[in-house]
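Here is a short briefing on one protein chain. Keep the sequence and the 3D view open as you read. Find each residue as it comes up.

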Amino acid sequence: MPEGAAGHVVTVRRSTSRVLFAPETFNFAEVTRAIEVARRMPSDVECVFAGFSRRNSEYIRAAGFEFRLLTPYLSDEEGRLALAFDQGRSLRHPFTAQMLTQRVTSERVLLRCLRPDAVVIGVTPSQFISARAECVPLVFVRPFAYSLAHLEAARKVGATGFLPRTTPEECLIDDAASHLLHAAGTRLPLSRAFHQVARANGVSLPQGLFAGLTADLNLIASTPHLLPRWLEMPEGHRVVGPVYAHLPGEVPEIVADLAAGPQPLVYFAMGSSGNRDLVLSVLRGLGQADCQVLAPVRSHIRDEDLDTLPLNVHVTDWIPAHQLGDAVDLAITHGGEGTVQTSCAQGWPFIGIPLQLEQRFNVQRCTAFGSARLVSQSQARRADWAELVHQALADDVMRSRARHMAELMEGLDGPGRAAAAICELL
């Protein structure tokens, strides 16, 4: 139930139009994508947010939007499981029949209360049931990876996008992987709990996992020139372009000092999906590199870790990375859609350490473009980071391709196009 609603439906004054944004709030990338789209909605459209975790809700409120906290609250452990499921790192998830039943009940109460004209989600599994049960159009702002469009691309040309295709041997491997991806995406079922709860709410979900997590309108928030040129979008899918975080606040004062110093500045970020061991391993490796490191990874490390880090490493909380511009010479990220798009728009060459397949897709596409290098998790833990950074900074071709990438990104208005597509439903 909405927090404070005491279990009953409250009549809410009706504005001209209303949109409910319901990202899985435990996922920082989903929250920031939703905020960017909501900011671009017309002034006569009321935007309300809802979620099952307080995590990251401060960014929603800071952006000026109302946030409704629903029950059952998502615990930290459940959030980690949900994030791993969302990112394809695990088939385990916390969405039992009991949890889904409770979530759908809360969501349906809220939908009847708000009477929105559309619901905009990230990977929010229960809304695939709730919005349909209440006959509200469902919009999914999502990456290309794991979409039905991605499956269709794998079927048609035998390319996953996850793997390189520079040699005949690599092409054979990717061909085989594409068949496996298409088979898994079409045959792997949603768990029984989803179908059970859906039937109880009068909703019929498709059998396949990928189809079951497809909305009425699916807005692909990916950079168009990194997608296959021949790609035709399936029905209900539309490419809107990059949607990434523009966090509020000022750039830390230390950035200007670091950028003005004699050493290059490396930006290191691991998003929501990073982990403490990997973050510390890379940061300690970067301590041997001839550079300064700006690392907004405070959420991944403990207080006692700070005193053990090299002197050239400067740890911060989340920062407005889109404002860093030419201060950064090289980025090292996990390859999440938002961090990759930030690097691309800023013209930064980057090293990607993908933690799951969606991130590998993002990094691999930029590697094929020439603006990035891919380092696996296992390689990252034992890499000579001093040498990797030196090679990347000395790579004129990679730097030139990164600048060209930024030129191609100019004028792309993913949030605006997404908002316009949503308004067509209202």
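Which residues lie nearest the centre of the second largest pocket? They are Phe26, Arg55, Ser272, Gly274 and His300. Keep in mind that this is a predicted model. The points below cover pockets and cavities, cores, one helix face, a buried loop and strand, and some unusual backbone angles.

**The second largest pocket**

- This pocket has a volume of about 480 Å³.
- Its lining is made of 21 residues.
- Helix H2 (57-62) and helix H3 (76-86) each supply at least two residues of that lining.
- H3 gives the most, with 3 residues.
- By type, the lining residues of this pocket are 7 nonpolar, 9 polar and 5 charged.

**The cavities**

- The whole structure holds 4 cavities of 30 Å³ or more.
- The volume of the largest cavity is about 100 Å³.
- Its lining includes Ser222, Thr223, Leu226 and Leu227.
- Further along the chain, Glu337, Val340, Gln341, Phe361, Asn362, Arg365 and Cys366 also line the largest cavity.
- Two helices, H12 (337-346) and H13 (357-369), each give at least two residues to this lining.
- The largest share, 4 residues, comes from H13.
- The lining of the largest cavity divides into 5 nonpolar, 4 polar and 2 charged residues.

**The nonpolar cores**

- The largest nonpolar core has 51 residues.
- Which of its members touch the most other members? They are Leu20, Val119 and Phe144.
- Helix H4 (residues 97-114) provides the largest share of this core, 6 residues.
- Another core lies apart from the largest one and has 30 residues, among them Ala34, Cys47, Leu247 and Ala418.
- Look closely at Phe144, leaving aside its neighbours within four places in sequence: its contacts include Ala149, His150, Ala153 and Ile220.
- Phe144 is also in contact with Leu227 and Phe361, and both of these residues line the largest cavity.

**One face of a helix**

- Helix H15 (residues 385-393) has four buried residues to find: Trp385, Leu388, Val389 and Ala392.
- Why do the buried residues of H15 line one face of the helix? Seen down the axis of H15, they fall within an arc of 95°, so they share one face.
- As background, an α-helix has 3.6 residues a turn, so residues three or four places apart point the same way.

**A buried loop residue and a buried strand residue**

- Ser371 sits in the loop between H13 and strand E13 (372-374).
- Is Ser371 buried or exposed? Its relative accessibility is 2%, so Ser371 counts as buried.
- Beyond its neighbours within four places in sequence, Ser371 is in contact with Trp348, Pro349, Phe350, Cys366, Met398, Arg401, Ala402 and Met405.
- One of those contacts, Phe350, is found in strand E12 (residues 350-352).
- Phe350 is buried too, because its relative accessibility is 0%.
- Phe350 and Ala372 are 22 residues apart along the chain, yet their C-alpha atoms are separated by 4.9 Å.
- Leaving out neighbours within four places in sequence, Phe350 has contacts that include Leu330, Ala331, Val340, Val363, Ala372 and Arg373.
- Cys366 and Met398 are in contact with Phe350, and Ser371 is in contact with these two residues as well.

**Unusual backbone angles**

- Most residues other than glycine have a negative phi, and most peptide bonds are trans.
- The peptide bond from Thr71 to Pro72 is cis, with omega near 5°.
- Pro72 lies in the loop between strand E3 (66-69) and H3.
- Cys135 is not a glycine, yet its phi is positive, at about 60°.
- Find Cys135 in the loop between helix H5 (127-133) and strand E5 (138-142).
- Cys135 has a relative accessible area of 69%, so it is exposed.
- Tyr146 also has a positive phi, near 75°, in a residue other than glycine.
- The loop between E5 and helix H6 (148-157) holds Tyr146.
- Is Tyr146 buried or exposed? At 14% relative accessibility, Tyr146 counts as buried, because the cut-off for buried is under 20%.

Technical notes. Residues numbered from 1 in each chain as written. Predicted model: local features only at pLDDT ≥ 70, side-chain atom pairs only at ≥ 80, totals over all residues. Heavy atoms only, no water. Core = buried A, V, L, I, M, F, W, Y, C linked by side-chain atoms within 4.5 Å. Buried < 20%, exposed > 50% of the residue type's maximum accessible area, 1.4 Å probe, protein only. Contact = heavy atoms within 4.5 Å. Arc of directions from axis to C-beta. 1 Å grid on protein atoms, 1.4 Å probe; cavity = no way out; pocket = protein on both sides within 12 Å on 5 of 7 lines; lining within 4 Å. Points joined across faces, edges and corners; volume = space filled by probe spheres on them. Nonpolar A, V, L, I, M, F, W, Y, C, P; charged D, E, K, R; others polar.
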